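Please open the model in your viewer and keep the sequence panel beside it. The tour below moves from the whole chain to single residues, with a selection to make at each stop.

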Amino acid sequence: MADSQHPLDAERIEKVFLIITAVMLLTFLGALFYSAFGMGMHLPDREEQIDVREVRDTPPFDEPGVRQVGDNEYEVVLLGYAWAFQPREIRVPAGAKVTFIATTTDVIHGVHIEGTRMNFMLIPGQVARVEGTFREPGEHLMICHEYCGAGHHIMYGRVIVE
Ligand code: CUA
């Protein structure tokens, strides 16, 4: 009796696993579509390209830094290179609209600003443009999150919200 039930049990278990697999696949696909189309996450736009050999001579990257561009609006022109960010220290007021315009002069780097949802990649030949607002005054570590060689772990900067 017990023996004759074994094949049935195996089939049932197999079915359960197939269903679990299908549900997981659909969940992940759903999450992918939601992040791509619902939240608008994507790689830097194709239109904003730059000659990676000429970055330091191409505006606005010939003058990296923070500048005020409106009433409560700031622009941060940011360069990443092996193995530092320029500028290393970014100061912006709390509550201001801040637009990061960033690229790399060499290999792929990443930018993650700790304690925020700001996270983007610096891809050779492309310009990343990311908007955000820092609500609370404080200090955030800005780290490279894309392995970029021997000095990857020392590639960091600071965002100081005043
Ligand atoms: Cu730059 Cu890791």
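Helices (H or I, at least four residues) and strands (E, at least two) are DSSP runs, numbered from the N terminus. With that in hand, select Pro60, which is found in the loop between α1 and β1 (65-70), and look at the peptide bond from Pro59 to Pro60, which is cis, with omega near 0 degrees.

Before going further, note that this is a predicted model, in which local features need pLDDT of at least 70 and side-chain atom pairs count only at pLDDT 80 or more, while totals for chains, interfaces and linings use all residues. Residues are numbered from 1 along each chain as its sequence is written, and side-chain values use heavy atoms, with hydrogens and water left out.

**The whole chain**

Colour by secondary structure, and the chain shows 1 helix and 10 strands, in the order α-β-β-β-β-β-β-β-β-β-β along the sequence. Zoom out until the whole chain is in view: along the principal axes, its C-alpha atoms fill a box of roughly 80 × 35 × 30 Å. The radius of gyration (taken over C-alpha atoms) is 23 Å, whereas a compact globule of 162 residues would have one near 15 Å, by the rule of 2.2 Å times the number of residues to the power 0.38.

Switch on the surface, and the accessible area of the chain comes to about 10,400 Å², with 57% of it belonging to carbon and sulfur atoms; such areas come from the Shrake-Rupley method with a 1.4 Å probe, and for residues only the protein chains shown count as cover. Of the 162 residues, 32% count as buried, where buried means under 20% relative accessible area, exposed means over 50%, and partly exposed lies in between (1.4 Å probe, protein chains only).

**Along the helix**

Select Lys15, whose place is in helix α1 (residues 2-38), and which counts as exposed at 56% relative accessibility. Then add Cys148 and draw a distance between the two C-alpha atoms: the residues are 133 apart in sequence and 45 Å apart in space.

**Salt bridges**

How many salt bridges does a search of the whole structure find? The search finds 6, a salt bridge being a side-chain nitrogen of Lys or Arg within 4 Å of a carboxyl oxygen of Asp or Glu.

Select Glu73 and Lys97, whose side chains meet in one of these bridges at 3.9 Å, N to O. The pair links distant parts of the chain, with Glu73 in strand β2 (residues 73-81) and Lys97 in strand β5 (residues 97-104), 24 residues apart. Glu73 counts as partly exposed at 34% relative accessibility, and Lys97 counts as partly exposed at 34% as well.

Move next to Glu162 and Arg91, which meet in a salt bridge of 2.7 Å, N to O. Glu162 lies in the segment after β10 (156-161) and Arg91 in strand β4 (residues 89-92), so the pair ties together parts that are 71 residues apart in sequence.

Now select Glu139 and Arg158, whose side chains form a salt bridge of 3.2 Å, N to O. Here Glu139 in strand β9 (residues 138-143) is linked with Arg158 in strand β10, 19 residues away. Glu139 is exposed, with a relative accessible area of 52%, whereas Arg158 counts as partly exposed at 31%. Finally, display Glu89 together with Arg91 and Glu162, since salt bridges that share partners join these residues into one network.

**Two buried residues**

Select Thr99, which lies in strand β5 and is buried, with a relative accessible area of 12%. Leaving aside its neighbours within four places in sequence, Thr99 is in contact (heavy atoms within 4.5 Å) with Tyr74, Glu75, Val76, Arg129, Val130 and Glu131.

Then turn to Met155 in the loop between β9 and β10, a residue that is buried with a relative accessible area of 1%. Not counting residues up to four places away in sequence, Met155 touches several others, among them Gly80, Tyr81, Trp83, Phe85, His109, Met142 and Cys148.

**Last stop**

From Met155, step to its contact Trp83, whose place is in the loop between β2 and β3 (84-86). A cis peptide bond joins Ala82 and Trp83, with omega at about 0 degrees.
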